[in-house]
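These are my notebook entries on a structure that I looked up one question at a time. Each entry records what I looked for and what I found.

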Amino acid sequence: MNGTIVGVFVVLFGCVTILGFVAARWRPGDLDLLHEWGLGGRRFGTIVTWFLLGGDLYTAYTFIAVPALVFGAGAVGFFAVPYTIIVYPFIFMVFPRFWSVAHRRGYITAADFVRGRYGSRPLAVAVAITGLVATMPYIALQLVGLQVVIGAMGIGGQGLAGDLPLVIAFLILAAFTYTSGLRAPAAIAVVKDLLIYATIIAVIIVIPAELGGYGKIFAAVAPAKLILAPPTAASLGAYGGYATLALGSALALFLYPHAMTGVLSANSRHVIRRNAAMLPAYSFVLGLLALMGYMALAAGVKQNPAYADGFSHYGNNFAVPALLMASFPDWFTGVAFAAIGIGALVPAAVMSIACANLFTRNIYKEMIRPDCSDAEESRMAKIVSLVVKAGALVFIILLPLQYAIQLQLLGGIWIIQTLPAVIFGLYTRWFEPRALLAGWAAGIASGSWMAGTLAFKASVFPLSLFGYTLPGYAALYSLIVNIVVAAGLSLIFNAAGGERRDETAAADYR
Amino acid sequence: MSEKPSAETRRRRARWPELLLLVPFLAVLWVPSYNSVEPQLAGIPFFYWYQLLWIVISAGLTLLAYLTGE
């Protein structure tokens, strides 16, 4: 255990905890109303939204796992960069419409929109459940980021005592989310980002200088991993996986409830458009962080006996903490570790709030207590946010990490199946709700099956067409199945005629 | 209430910058166009600096679409 690193980490963590509780009084609102607790009263301007979405989307797990993937697999791991390049033009074009209709009709979740647009309870519940199931393993993975830095600092012992720091961190998180709602992660995100930017600037200046320049860093990478394997006569090779992972992940990202929550808490549609131009700053940081995988290779941290224990515990996820410890003085390593640890709190808080909004509004109020009061609705959401986090904590302590990773992989395949109902729905009411539900089911089934054939270990499915293999992200392939089914059945149902319910009007989307 | 926006309002709200937003999709999804080590930039292989550069270009195009839109 290193006193300086732990000291800096604990002090910064303590400051953020206080900030989380004080945040309840920031731009005060009646926290007994769900949109006040769960959307910050839809009052966040351009800058706060930038910090909140940045903290929400570029998570602690990302900061650990993306460099770890580059460290282990090379160029393939860099797909996170094209992914975050194309996501913003997509957001820019599509999500102002979503914000407008949600604002005008008082929707706080995607399922609310689907309920209003199609008047279909089964379809809305399907969208809500998909969001819940896809997000929960994601919360669990945030703990992994926290766990790795706690492990790197060497606090805690073996067995359950070893998990004590993690439990404490999560109790803190649960408490301030309960009292302050979305205001807490929004305030904390500002601090977290200042720490992240300080860390990354130090990394790109100090580490290449220590290692003898970028040329030396890339020379440490095996030539076969430096770029993607080109296609052969029988297969498109790594090209298909790389491009489809980027496109599929970009389409899926903003369907996640925590991303929706970030979008809907903005105070105008212009805030979303401005942020689509400003959020790429984080993508740039992510790209530089990805290169830390190669820096870790060049620094030879895996061969260093001091880190052998960490690598045996956490695998390649230990690459970034090891590199930081090897390259920086202890006090700065403490700052960097705090950035990662606090970076886990922000998305975990927003995700649990998003799950709470979904469950309360679209399942509890819809199916169980239709006449519940506003205060009861808000109270229920606060309790659900606790339950969701407790579930994530138990999951990560008691079950092998592999399960959380596999479930999160499946979550990406599932969440994209809500795209036709939500995104197409922003433009047209042509699709029939029963057809969308059938398409959703077909997409979930085919996508899960594809992942199953890969033993849930990978998500790039080797599709064979006329003897040529087209490897592609299972989420994208199953989305095509979904769209074909939904469009085909809509043709049939629409031809049959019948009542068409839609509480929204064309003007709501502008 | 008019059925469609008049030609005049359409002209006032330029649409072409939004079409430019499709360019980043083509640039980064067409993988063979950048899957190479050379030309390097300060020791960084093309594959990496080219994609990092597109983050900046894409943000610039989005900003342009914002400034000329609504």
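**Entry 1: the contact between the chains**

I began with the interface and found that 31 residues of chain A are in contact with 27 residues of chain B. I note here that the model is predicted. On the side of chain A that touches chain B, I listed the elements that give two or more residues: α5 (80-105), α11 (214-219), α13 (238-253), α15 (269-278) and α16 of chain A. Which of these gives the most? I found that α5(A) does, with 8 residues. I then sorted this side of chain A by class and recorded 25 nonpolar, 4 polar and 2 charged residues.

**Entry 2: chain A as a whole**

I next turned to the overall build of chain A, which has 24 helices and 2 strands. Along the principal axes, I found that its C-alpha atoms fill a box of roughly 70 × 65 × 40 Å. I also compared the radius of gyration with that of a compact globule: for 510 residues the globule would have a value near 24 Å, and chain A agrees with this because its own value is 23 Å. Of the 510 residues of chain A, I recorded 57% as buried. I then looked at the contacts in chain A between residues at least 6 apart in sequence, and 84% of them join residues at least 24 apart.

**Entry 3: a pair of helices**

I examined helix α7 (residues 121-153) and helix α23 (residues 433-453), both of chain A. Two packed helices are described by the angle between their axes and the distance between the axes. For this pair, I noted that the axes come within 9 Å and cross at roughly 30°. I therefore entered α7(A) as roughly parallel to α23(A), since angles under 35 degrees count as such. The crossing of α7(A) and α23(A) is left-handed.

Which residues meet where α7(A) and α23(A) pack? From α7(A) I listed Pro122(A), Leu123(A) and Ala126(A). In α23(A) they meet Pro433(A), Leu436(A), Leu437(A) and Trp440(A). By class, I counted the residues of this contact as 7 nonpolar, with no polar and no charged residues.

**Entry 4: backbone details in loops**

I looked up two residues of chain A that have a positive phi although neither is a glycine. For Arg42(A), phi is about 50°, and I placed this residue in the loop between α2 (34-39) and α3 (46-57) of chain A. Is Arg42(A) buried or exposed? I entered Arg42(A) as partly exposed because 19 other C-beta atoms lie within 10 Å, whereas a buried residue needs 20 or more.

For Phe456(A), phi is about 55°. I located Phe456(A) in the loop between α23 and β1 (460-465) of chain A. Phe456(A) is also partly exposed, as I found 16 other C-beta atoms within 10 Å.

In chain B, I noted a cis peptide bond that joins Glu38(B) and Pro39(B), with omega about -5°. Pro39(B) lies in the loop between α3 (23-29) and α4 (46-68) of chain B.

**Entry 5: Gly300(A)**

Last, I looked up Gly300(A), which I found in the loop between α16 (280-299) and α17 (308-314) of chain A. I entered Gly300(A) as partly exposed because it has 13 C-beta neighbours inside 10 Å, and a residue counts as exposed with 12 or fewer. Gly300(A) and Ile196(A) are 104 residues apart along the chain, and I recorded 24 Å between their C-alpha atoms.

Conventions:
Residues numbered from 1 in each chain as written. Chains lettered and ligands numbered in written order. Predicted model: local features only at pLDDT ≥ 70, side-chain atom pairs only at ≥ 80, totals over all residues. Helix = DSSP H or I, 4+ residues; strand = E, 2+ residues; numbered from the N terminus. Contact = placed C-beta atoms within 7 Å. Nonpolar A, V, L, I, M, F, W, Y, C, P; charged D, E, K, R; others polar. Rg over C-alpha atoms; globule rule 2.2 N^0.38 Å. Axes fitted to C-alpha atoms, helices over the stretch in contact; angles between N-to-C directions. Parallel < 35°, antiparallel > 145°, perpendicular 65-115°, else oblique. Left-handed = near helix turned anticlockwise from the far one by under 90°.
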